[in-house]
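Let's take a walk through this protein together, starting from a single side chain and working outwards. Keep the viewer open and follow along as we go.

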Amino acid sequence: MKKNVMALLMVSVLLVLAACGGGNTGTSSGNSAGSGNTGGDKKLKVVLLIPGTLGDKSFFDAANKGLTLVKSELSADTKVIEMGTDKTKWEPTYQDIAAQDWDIVISGGSEITEMFNATAETYPDKKFINYDTDIEETPANVYAMSYATNEVSFLAGAVAAIATKSDIPNANKDNVIGFVGGMDIPGINAFLVGYIQGAQYVDPAIKVAVSYAGDFVNPAKGKELSLIQYNSGVDVIFNVAGATGLGIFDAAKDKKHYAIGVDSDQGSLLQETDKEKANLIMTSAIKKIDTAILGAVKKTQEGTLEYGQRQVLSFDQDGVGIAENDIYKSIFTADMQKQVEDIKQKLAKQEIKVDNAMGMETSQIEAIRNAVKP
């Protein structure tokens, strides 16, 4: 009897061990695939939702480039969804995509932040990345980024002032530079205030013509406003108007004057389609959105990204910069480039403090505009 019991016990133990051993590999793989984690053999799934359309050669295209880097460097499964300009469709799209099996949902812009955060709160087990927002409120499963646009615009203003005071081709003697913004809102005025202060750092007596298109997707309006500025004596215009800013470059080509791009290296982007136009974009004030997206996704994959916060990326974190491409080097002499580099290093070391329009009253911004009005 005892022998029979012992035999049965031994058989039972062997069966249990076999079951555990045989099921262990399969269970581990199954849990990885089904849990939504980014580890194991499961490919990371990342989706980018554009609140507009691609092709702006600026903000949205920079985000798209970031997702391309995520796909190529992290071997992730990726998808880009253009939500269009009908804002009523944005929130339902966020909700619909968040309900699917994406590990990370990415979008960007202060305009979408409230609905994006609300979606994140509805899906607390998903990760969300807002690649550019000025709104500090950030749910626990959202990582948000912003950029020191006031600092990079300060450098753009210095570039414009150095150019207009020089004897380079296409510059005049009027000592007036221009700015065309998409709308008269804090996010755009953060660029404006930095631009004005950077120009004044080089030349306290400089004048700055300021126009707002009231639209981010109207190149015809951008061209119209730019032609008015160029005709009034402006020889460099800073584009902070999204797709509307493409019209600024058209006007620059017509008048043989200069422009400064925004968000992406717009001169390089236009080289393939219109070299004459591209060669008048002396530089661009760049938010390094592409590498910021790649870095955030990579840290998420590694489990090191701290969600529930908004981080401001500046010169000292390589979050912003100007395009120092072949166009820039062909327009700016070595001495001019050195002057720009010296200012950039001072910004990186925080030796120059730049005001931020995000914390200003409307009356303060108006006073700054009026102080440099031509």
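## A walk through the fold

Start at V297: setting aside neighbours within four places in sequence, V297 is in contact with L44, V46, V70, L74, I104, I106 and I129. V297 belongs to the largest nonpolar core, a set of 89 residues. V297 is among the residues with the most contacts inside that core, along with I106, Y131, F238, M282 and F332. Helix α5, residues 149-164, supplies the largest share of this core, with 10 residues. There is also a second, separate core of 16 residues, which includes W90, Y94, W102 and F116. As background, nonpolar side chains in soluble globular proteins tend to be buried together.

Before going further, a word on confidence. You are looking at a predicted model. Its average pLDDT is 90, and 89% of the residues score at least 70. The stretch to treat with care is residues 1-39, where the pLDDT is below 50. Beyond near neighbours in sequence, residues 1-39 have 14 contacts in the model. Where pLDDT is low, the predicted coordinates should not be read in detail.

Now let's turn to the strands. Six of them form an open sheet in the order β2-β1-β3-β4-β5-β11, with parallel pairing. At the edges are β2 (77-82) and β11 (309-313), each of which pairs on one side only. On average, neighbouring strands in this sheet are turned by 20° against each other, direction ignored. Look inside the sheet at β1 (residues 45-50) and β3 (residues 104-107), which run parallel and are joined by 3 bridges. Here V47 has V105 in β3 as its bridge partner.

Which helix lies across β1, β3, β4, β5 and β11? The answer is α11, residues 289-302, which runs at about 155° to β5 (142-147).

Helix α3, residues 90-98, gives us another piece of packing. Its buried residues are W90, Y94, I97 and A98. They lie on the same side of α3, because they cover an arc of only 100° around the axis. The helical repeat helps to picture this: an α-helix has 3.6 residues a turn, so residues three or four places apart point the same way. The buried residues of α3 pack against β1, β2, β3, α4 (110-122) and β4. Two of the residues on this list, W90 and Y94, also appear in the second core.

Next, look at another pair of strands, β8 and β9, which pair in the parallel sense over 3 bridges. Within this pairing, I237 stands opposite A259 in β9. Is β9 largely enclosed or largely open to the outside? Since 6 of the 6 residues of β9 (residues 258-263) are buried, the strand is largely enclosed by the rest of the structure.

After β8 (236-240), a loop containing G242 leads to α8 (246-255). G242 is buried, with a relative accessible area of 18%; this counts as buried because the cut-off is under 20%. The C-alpha atoms of G242 and G182 are separated by 6.8 Å, although the two residues are 60 apart along the chain. In α8 itself, G247, I248, F249, A251 and A252 are buried. K256 follows α8 and has a positive phi, near 55°.

Another glycine worth finding is G157, which sits in helix α5. Is G157 buried or exposed? G157 is buried, with a relative accessible area of 0%. Leaving aside neighbours within four places in sequence, G157 is in contact with I177, Y195, G198 and A199. The C-alpha atoms of G157 and F179, 22 residues apart along the chain, are separated by 9.6 Å.

Finally, let's return to backbone angles. Most residues other than glycine have a negative phi. D318 has a positive phi, near 60°, and lies in the loop between β11 and β12 (320-322). D318 is partly exposed, with a relative accessible area of 48%. Q350 also has a positive phi near 60°. The place of Q350 is the loop between α13 (334-348) and α14 (362-371), and this residue is partly exposed, with a relative accessible area of 31%.

Methods: Residues numbered from 1 in each chain as written. Predicted model: local features only at pLDDT ≥ 70, side-chain atom pairs only at ≥ 80, totals over all residues. Heavy atoms only, no water. pLDDT = per-residue confidence, 0-100. Contact = heavy atoms within 4.5 Å. Core = buried A, V, L, I, M, F, W, Y, C linked by side-chain atoms within 4.5 Å. Buried < 20%, exposed > 50% of the residue type's maximum accessible area, 1.4 Å probe, protein only. Helix = DSSP H or I, 4+ residues; strand = E, 2+ residues; numbered from the N terminus. Pairing = 2+ DSSP bridges. Axes fitted to C-alpha atoms, helices over the stretch in contact; angles between N-to-C directions. Arc of directions from axis to C-beta.
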